[in-house]
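Welcome! Please take a moment to look over the sequence and the 3D structure, and then let us walk through them together.

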Amino acid sequence: MEAAHDAEVLRAGPLEVRPDESLALAGGRPLTLSVREYSLLVELARRPGRIVSRDNLYELVWRDLLRPGDRSVDVYIHKLRSKLEMALPDWRFIHTHVGFGYRFSSEPSHAFHIPATAR
């Protein structure tokens with residue numbers, strides 16, 4: 001008889017990340033992410049509220065040292081952020097701290113919506 005294994009599940013608002021299943025759900029719907037995007041999401045979600053440097057993210061996801069001038073982390077964060085915003089437009093998850101890195105925290109979007117005026 002095998003011992004029960006509690007699978008890791010990372011939750012942030014309507015976002016759920018299941019590293020053991022390589023699955024991310026936005027409002028219960030699967031997200032289509034590249035391997036790098038998914039790995040960045042997992043590493044950030046495992047450190048909620050903490051600022052994670054670009055160097056640290058690169059080492060965690062690419063398993064190498066970040067070379068001077070390499071913008072890979074920023075490019076993939078932008079792609080990931082765009083996909084999250086498309087799937088969950090009323091939420092923001094990845095926050096930039098210029099000169100420091102990125103912070104993962106589920107926060108309602110503060111976008112201002114101006115309703116169309118009736119004619």
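## A first pairing

Which residue in E7 is the bridge partner of isoleucine 51? It is arginine 103. Before we go further, please keep in mind that this is a predicted model.

The bridge partners just named belong to a pairing between E5 and E7, which run antiparallel and are joined by two bridges. Let us see what surrounds that pairing.

## The sheet of three strands

E5 and E7 are part of an open sheet of three strands, ordered E5-E7-E6, and the pairing in this sheet is antiparallel. Strand E5 (51–52) and E6 are the edge strands, each pairing on one side only. E6 and E7 also run antiparallel, and six bridges join them. One of the residues to look for here is tryptophan 91, whose bridge partner in E7 is proline 108.

If you follow the chain from E6 to E7, you will find a hairpin with three residues between the two strands. Glycine 99 sits in that turn and has a positive phi of about 85°.

Two helices lie across this sheet. H1 crosses E5, E6 and E7, and its direction is at about 80° to E7. H3 lies across E6 and E7, running at about 160° to E6.

## The sheet of four strands

There is also an open sheet of four strands, in the order E1-E2-E3-E4, again with antiparallel pairing. E1 and strand E4 (29–30) stand at its edges with a single partner strand each, so one side of each has no neighbour in the sheet. Three bridges hold the antiparallel pair E1 and E2, and in this pair leucine 10 stands opposite valine 17 of E2. H1 packs on this sheet too: it touches E1, E2 and E3, and its direction makes about 100° with that of E2.

In the loop between E2 and E3 you can find serine 22. Serine 22 has a positive phi of about 50° although it is not a glycine. Is serine 22 buried or exposed? With a relative accessibility of 56%, serine 22 counts as exposed, because the cut-off for exposed is over 50%.

## Helix H1 and the nonpolar core

H1 has now come up with both sheets, as it touches E1, E2 and E3 and lies across E5, E6 and E7. How many of the 11 residues of H1 are buried? Eight of them are, so the helix is mostly covered. The buried residues are Glu37, Tyr38, Leu40, Leu41, Val42, Glu43, Leu44 and Ala45.

In soluble globular proteins, nonpolar side chains tend to be buried together. Here the largest nonpolar core has 30 residues, and those touching the most other members are Leu15, Leu41, Ile94 and Phe104. Two or more core residues come from each of strand E1 (10–12), strand E2 (15–18), strand E3 (23–26), helix H1 (35–45), helix H2 (54–62), helix H3 (72–87), strand E6 (91–97) and strand E7 (101–108). H1 gives the largest share, six residues.

Leucine 41 is a good residue to zoom in on. Leaving out residues up to four places away in sequence, leucine 41 touches Leu15, Val17, Ala24, Leu33, Leu80, Leu84 and Phe104.

## The loop between H2 and H3

Two residues of this loop make a nice contrast. Arginine 63 is placed in the loop between H2 and H3, and it has a positive phi of about 55° although it is not a glycine. At 70% relative accessibility, arginine 63 counts as exposed.

Aspartate 70 is found in the loop between H2 and H3 as well. Aspartate 70, however, is buried, with a relative accessible area of 10%. Which residues is aspartate 70 in contact with, leaving aside neighbours within four places in sequence? They are Arg54 and Tyr58.

## An enclosed space

Finally, let us look for empty space inside the model. There is one cavity of 30 Å³ or more, and the largest cavity has a volume of about 40 Å³. Its lining consists of Arg81, Leu84, Glu85, Arg92, Phe93 and Ile94. H3 and E6 are the elements that give two or more residues to this lining.

Some of these names are familiar from earlier stops. Ile94 is among the core residues that touch the most other members, and Leu84 is one of the residues that leucine 41 touches.

Conventions. Residues numbered from 1 in each chain as written. Heavy atoms only, no water. Core = buried A, V, L, I, M, F, W, Y, C linked by side-chain atoms within 4.5 Å. Buried < 20%, exposed > 50% of the residue type's maximum accessible area, 1.4 Å probe, protein only. Contact = heavy atoms within 4.5 Å. Pairing = 2+ DSSP bridges. Axes fitted to C-alpha atoms, helices over the stretch in contact; angles between N-to-C directions. 1 Å grid on protein atoms, 1.4 Å probe; cavity = no way out; pocket = protein on both sides within 12 Å on 5 of 7 lines; lining within 4 Å. Points joined across faces, edges and corners; volume = space filled by probe spheres on them.
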